[in-house]
Amino acid sequence: MRAQKCFRIAAIPADGVGKEVIAAGRRVLDALADQSGRNPAGGAESSFGFEWREFPWGSEYYAAHGRMMDPEGLDVLRGFDAIYFGAVGWENVPDHVSLWGLRLNITQNFDQWANVRPVTFLPGIESPLRKADRMPLDWVVVRENSEGEYAGLGGRNLSGRGPGNEVAVQTALFTEKGCERIIRFAFDLARTRPVRKVSSVTKSNAQQYGSVLWDDVFKRVAADYPDVGTESVLVDAMSAKFVLHPEDLSVVVASNLFADILSDLGSALAGSLGLAASANLNPERRFPSMFEPVHGSAPDIAGRGICNPVGAILSAALMLDHLGLPAAARRLEAAVAAVTAAGIRTRDVGGSSDTEEVTNAVIEALRLTELSGSVSG
Ligand SMILES: NC(=O)c1ccc[n+]([C@@H]2O[C@H](COP(=O)([O-])OP(=O)(O)OC[C@H]3O[C@@H](n4cnc5c(N)ncnc54)[C@H](O)[C@@H]3O)[C@@H](O)[C@H]2O)c1
């Protein structure tokens, strides 16, 4: 059956396990689309499909072409409905070259200023947090994704003075507009969640310019959301709070670097880096948004077929939400939870299944919910 709505998706698997998890996520998304075509009475989401185009950009492309992506690449990507990204980084290219040449090139130029990183505790997956057994834990890290510590401002100089004398300056950029848009985004997100609370994270005792501007904007924006609880926490204290009092968290908003670190901590607390999903959003939709697992290319396990595809699959669910397919997104999340609850897990979360077995199990769980109709789509 021909899909009523066909979404054009650019797939950029890039390096290492990125290739494996994007292949897995594509299979799951195509299975969902296939089911939607067999369910013509299912409402607005009844029939959708994906037209994929895969790009070979990454560290192998760099080896052949001396650059991480095609010079016209951004113009080509602009025409897609979304980008599905794996991970970048391999030993043949310095990490700062590969990251700036591909992933940051896209997030910065497409003004994907909001990076949403849910911390999701899945059934059947052991958390190192004892509290996770006793209470439901669930929070979202909202990362400012366009400036802050990753603005790329600075330089290296004075190497001419001889060995040992070089200096480097790396400047963080905090603009009032940049702070305001991400903080408002966090408050709007909090209003959609069961617990309406935003925790703002800075280091304003030591960083008296950027962090204090952020804190001032946070206070000003909070006044527009009297129905949302707030707290301002220093980043060192927040890292302790993630471990000791995670039940207090709902939406955590922070600058580029702080949220990057905190979200890795969050995914480790949920059981593994391989579980964590993320969305790089251009909320105004002037550019395509990009969906990717939080993890990197994992060279230590790449190419062995054992990486965890869950982070990439849950990133696909975030993409479905962005494409206006929330029922399909919820079905996909429910299928992943059914699979982990059934004990079908990769090694990083204590299981013995490989990437393909977990992916097949998610597709099978989707098929079962289609047959039983227990989760509508
Ligand atoms: N968004 C990105 O593209 C991104 C993010 C982080 C790191 N990187 C790059 O990735 C490379 C490796 O970096 P790293 O080792 O610091 O971080 P990493 O996330 O690749 O790996 C950290 C640890 O987590 C494990 N892990 C990661 N993904 C997993 C998965 N899907 N299933 C099971 N285990 C998984 C790895 O085996 C490793 O032990 C570097 O080149 C780095 O620059 C890229």
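In the predicted model, Ala-63 is exposed, with 11 other C-beta atoms within 10 Å. Ala-63 is found in helix 2. The C-alpha atom of Ala-63 lies 19 Å from that of Leu-104, a residue 41 positions apart from it in sequence.

Tyr-62 is also found in helix 2, which covers residues 59–65. Unlike Ala-63, which has 11 other C-beta atoms within 10 Å and is exposed, Tyr-62 has 21 other C-beta atoms within 10 Å and is buried; the cut-off for a buried residue is 20 or more. When residues up to four places away in sequence are left out, Tyr-62 touches Arg-67, Met-68, Val-93 and Ser-98. The C-alpha atoms of Tyr-62 and Pro-94 are separated by 11 Å, and the two residues are 32 residues apart along the chain.

For the chain as a whole, the secondary structure comes to 11 helices and 12 strands. The radius of gyration is 21 Å, which agrees with the value near 21 Å that a compact globule of 377 residues would have. The C-alpha trace spans about 70 × 55 × 40 Å along its principal axes. Of the 377 residues, 47% are buried. Contacts between residues at least 6 apart in sequence join residues at least 24 apart in 75% of cases.

The domain assignment divides the chain into domain 1 (1–120 + 275–377) and domain 2 (127–270). The centres of domain 1 and domain 2, taken over C-alpha atoms, are separated by 25 Å. Contacts between them involve 18 residues of domain 1 and 18 residues of domain 2. On the side of domain 1 that touches domain 2, helix 4 (95–109) and strand 4 each supply at least two residues. Strand 4 gives the most to this side, with 7 residues. By class, the side of domain 1 that touches domain 2 has 10 nonpolar, 6 polar and 2 charged residues.

Helix 5 comprises 15 residues, 176–190, and at 1.5 Å a residue should span 21 Å; the end C-alpha atoms of helix 5 are 21 Å apart, in agreement with this value. The buried residues in helix 5 include Gly-178, Cys-179, Ile-182, Ile-183, Ala-186, Phe-187 and Ala-190. Seen down the helix axis, the buried residues of helix 5 fall within an arc of 160°, so they line one face of the helix. The cover over these buried residues includes strand 4 (114–120), strand 5 (138–144), strand 8 (197–202), helix 6 (210–222) and strand 10 (251–254).

Helix 8 (residues 256–270) has 15 residues, for which a span of 21 Å is expected at 1.5 Å a residue; the distance between its end C-alpha atoms is 21 Å, which agrees. In helix 8, the buried residues are Asn-256, Phe-258, Ala-259, Leu-262, Ser-263, Gly-266, Ser-267 and Ala-270. Around the axis these residues cover an arc of only 160° and therefore lie on the same side of helix 8. What covers the buried residues of helix 8 includes strand 4, strand 5, strand 6 (148–157), strand 8, helix 7 (235–244) and strand 10. Strand 4 is thus among the elements that cover the buried residues of helix 5 and among those that cover the buried residues of helix 8. Gly-271 follows helix 8 and has a positive phi, near 135°.

Positive phi values also occur in residues other than glycine, among them Ala-14, where phi is near 65°. Ala-14 has its place in strand 1 (residues 5–14). With 30 C-beta neighbours inside 10 Å, Ala-14 counts as buried. Ala-298, which is not a glycine either, has a positive phi of about 45°. Ala-298 lies in the loop between strand 12 (289–293) and helix 9 (310–322). Ala-298 is buried, with 23 other C-beta atoms within 10 Å.

Technical notes
Residues numbered from 1 in each chain as written. Predicted model: local features only at pLDDT ≥ 70, side-chain atom pairs only at ≥ 80, totals over all residues. Helix = DSSP H or I, 4+ residues; strand = E, 2+ residues; numbered from the N terminus. Expected span 1.5 Å × (residues − 1). Buried ≥ 20, exposed ≤ 12 C-beta atoms within 10 Å, placed from the backbone. Arc of directions from axis to C-beta. Contact = placed C-beta atoms within 7 Å. Domains from an automatic or database assignment. Nonpolar A, V, L, I, M, F, W, Y, C, P; charged D, E, K, R; others polar. Rg over C-alpha atoms; globule rule 2.2 N^0.38 Å.
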